[in-house]
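Here are a few exercises to work through with the model open in your viewer. Try each task before you read the solution under it.

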Amino acid sequence: MSAKRSGPPRPTFTEQEALQFHSVGRPGKLEVIATKPMATQRDLSLAYSPGVAVPVLAIAADESKAYDYTTKGNFVAVITNGTAILGLGDRGALAAKPVMEGKAVLFKRFADIDSIDLEVDSKDPDEIINCVKLLGKGWGGINLEDIKAPECFVIEQRLRELMDIPVFHDDQHGTAIIAAAGLLNALDITGRDIATTKLVCNGAGAAGIACLELLRSIGFRPENLILCDTKGVIYAGRTEGMNQWKSAYAIKTDKRTLKDAFEGVDVAFGLSVKGAFTPEMIKSMAAKPIIFAMANPDAEITPEEVAEVRDDAIMATGRSDYPNQVNNVLGFPFIFRGALDVRAKTINMEMKIAAARALADLAREDVPDEVAAVYGARPKFGPDYIIPVPFDPRLIWYVPPAVAKAAMDTGVARKPIEDMDAYRQQLSARRDPVANSLVQVYARLRRSPKRVVFAEGEEEQVIRAAASFVHQGLGTALLVGREDRVKTAAQEAGIELGEGIEVHNARLSTRNTVYTNYLYERLQRKGYLLRDCQRLVNTDRNHFAACMVALGDADAMVTGVTRNFSVALEDARRVIDPKPGHRVIGLSMVIARGRTVLVADTAVTEMPTSEELADIAVEAAGVARRMGYEPRVGLLAFSTFGHPQGERSTRVIEAVKLLDHRRVDFEYDGDIAADVALNPELMTAYPFCRLSGPANVLVMPAFHSASISTKMLQELGGATVIGPLLVGLDRPVQIVHLGAKDSQIVTMAALAAYNVSG
């Protein structure tokens, strides 16, 4: 197998960016949000005293009621002592907190599981065990993390014996499950039988031993598994550097070194260090070798190095910039999701095998458009695609049901699921499609980088955004500005203007004449003289940047930091026309409490007619599809299906009739009030409503109502609002709000490069 892509350069961020990410705004990555209203005295009485006494007494009488009345059933504790922090070693319990917060964020992002991080300041296994045991009543599960071997084995085993909730050391079992999934598919592709396949594993720590334990359980013969550590092969009778866990995998063999162990084997697992595998070792393997070099951040051997000596290898690594990434995020969120949903007492071997087989099966399925959009091509099951990717939307409803069923079949489920199809639908509803689509946007750009022009290139936050855009491997950043001012601003801000960042001085550009003539041809019958167009190109960065995009010198444009949206839009529209057959609109993404809704038109059409409302609905639905989910469009009014009547509602009703005549291919209905459109319970009062569920695209009756409502949600409701996104122009342009932060500029630059309009 040849290495097909090397991916973006590492690192994709600077140390300062990482520190800023964790410190800006509210420090850290987590917060606690109330799930019940706390607005009135009655709310407080129910939440605390005296109302809280009722569930207290119910739980005291029957502890299982804690799953019904508290967060226990959707709550995981992420616990560490910081002795083995992801490639950094023993840095102490508190230093591990950013990693544990990150783990908690991944639980929430991928499986909608709430979690808390606990850093135990002890290296004594007994103290850690006692601490977790005494605190553990309130949790539905425990995820142990970054605890060094062999203590991690002792801690996990004792906690599993002492507690009646799932205890899972992800460094061990997460890696093992993902690797096993990929290996099952690699064996199938190469035509191997598990019973006769020979494997060497270099690395006898937590992950290495867990891998061999799982491989034995899925059918590998013990005599065909060779485990190596820094001292060589772990063979029967060896005494140096041994412990009870290594001894369990000692076999009778005359091989003594890692090089010896490689000779003739079918599979090599690396859970060790960079450079541990040599080209000579790879050469000595059997035909069609399978190599999982999983050391992080740098693999035991790179795909390029393997490709130089073998053209028949299947390879996986722990890195995202190569095919077949062994990424634990494919496992732990979904394993816990299934375990929590059946109130499992433990996560047993059968549940781990079920997760591995589900992941393996998923990689064999046809890839949906969402994943294909990320790759720029449609991955197909084969040597370069044996493991699903983390942003595959099917993971949430593919893996947890398999885990839940295994728990039920083995008798560890306390709340069996009766309707598995309904359960899958429920899981699918937990996923936030737009948040997932943003992951797709970034991943797609890393595979197909774009040239984005940042019109206000002398502003510090714009320069920061451009540097971040490049560091993240999203493409080339073109800064419009005067070289000396850009360099001075960058130097004062401590930003490196390295490879991938270009500065374009509008006045000195060799393309000025071309841009001027292009603009004059467009504007000569709108009161502009040639010298007016020359002045716009020379002195106005928006016009210069828009000309770059219009004439193919850049793929997309972002602006707005120093000008109002309407002014920037007017500048862009002098240069770029609407896409033929489309209407220019503003579309905002509102993300609140795990739910995302697109709102239109939030920026362009002030008082739309019925015809314009219908056009807006069509444009918004198209963006919804491009962002990864099926549109359900609610055309909003102050009324619901004719009551009360009014002029604005009449226009909405007419817009619905126009959509009927157009026979569009998405769900829509109106006139409908916002609460009815978003609340399925209220919607049941109108059984004739055409929407099959809550609306995820809202078409507002006027610009002012759209703008006011989204801004109120952002300030009062704590919603995240992305946009307005500019939709409908023939070339991608996005406009940020005045004074936007660098992270917001990067997001809009990425959306511009992705071209949400299609």
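**Exercise 1. Is Arg319 buried or exposed, and what does it pair with?**

Arg319 has a relative accessibility of 13%, so it counts as buried. Keep in mind that this is a predicted model.

Next, look for a carboxylate partner. Arg319 makes a salt bridge with Asp298, and the closest N and O atoms are 3.6 Å apart. That fits the cut-off, which is within 4 Å.

Now place the two ends. Arg319 sits in the loop between strand S10 (314-317) and H14, while Asp298 is in the loop between strand S9 (290-293) and helix H13 (303-309), so to speak 21 residues apart and linking distant parts of the chain.

Finally, check the partner: Asp298 has 29% relative accessibility and counts as partly exposed.

**Exercise 2. Work out how S9 sits among its neighbours.**

Start with the side chains. Ile290 and Phe292 point one way from S9, Ile291 and Ala293 point the other way, and all are buried. As a rule, side chains in a regular strand alternate between the two faces of the sheet.

Then go to the pairing. S8 and S9 are parallel, with four bridges between them, and Ala268 has Ile291 in S9 as its bridge partner. S10 also runs parallel to S9, joined by four bridges. Here Ala293 stands opposite Thr317 in S10.

Last, trace the connection: from S9 the chain passes through H13 to S10, a β-α-β crossover that is right-handed.

**Exercise 3. How many residues of helix H14 are buried, and what follows the helix?**

Count along residues 332-341: ten of the ten are buried, so H14 is largely enclosed by the rest of the structure. The buried set includes Phe332, Phe334 and Phe336, and also Arg337 and Asp341.

Step past the end of the helix and you reach Arg343, with a positive phi near 50°.

**Exercise 4. Compare two other salt bridges by burial.**

The structure holds 45 salt bridges. Take Glu63 and Lys137, whose closest N and O atoms are 2.9 Å apart. Glu63 is in the loop between helix H3 (53-61) and helix H4 (66-69), and Lys137 is in the loop between helix H6 (125-135) and strand S3 (141-144), so the bridge ties together parts 74 residues apart in sequence. Both Glu63 and Lys137 are exposed.

Now take Arg192 and Asp266, with 3.1 Å between the closest N and O atoms. Arg192 lies in the loop between helix H8 (170-190) and strand S5 (199-202), and Asp266 in the loop between helix H11 (258-262) and strand S8 (267-270), 74 residues apart. Arg192 is buried at 17% relative accessible area, and Asp266 is buried at 12%.

For something beyond pairs, look at the network of salt bridges that links Asp540, Arg563, Glu570, Asp571 and Arg574.

**Exercise 5. Which elements line the largest cavity?**

First the inventory: there are four cavities of 30 Å³ or more, and the largest holds about 50 Å³ of space.

Then assign the lining. Strand S20 (720-727), strand S21 (733-735) and helix H31 (742-754) each supply at least two residues. Among the lining residues are Leu726, Val733, Leu751 and Arg731.

Finish with the chemistry: the lining divides into seven nonpolar, four polar and one charged residue.

Definitions and conventions
Residues numbered from 1 in each chain as written. Predicted model: local features only at pLDDT ≥ 70, side-chain atom pairs only at ≥ 80, totals over all residues. Heavy atoms only, no water. 1 Å grid on protein atoms, 1.4 Å probe; cavity = no way out; pocket = protein on both sides within 12 Å on 5 of 7 lines; lining within 4 Å. Points joined across faces, edges and corners; volume = space filled by probe spheres on them. Nonpolar A, V, L, I, M, F, W, Y, C, P; charged D, E, K, R; others polar. Buried < 20%, exposed > 50% of the residue type's maximum accessible area, 1.4 Å probe, protein only. Salt bridge = Lys/Arg side-chain N within 4 Å of Asp/Glu carboxyl O. Pairing = 2+ DSSP bridges. Right-handed = clockwise from strand over helix to strand, strands pointing away.
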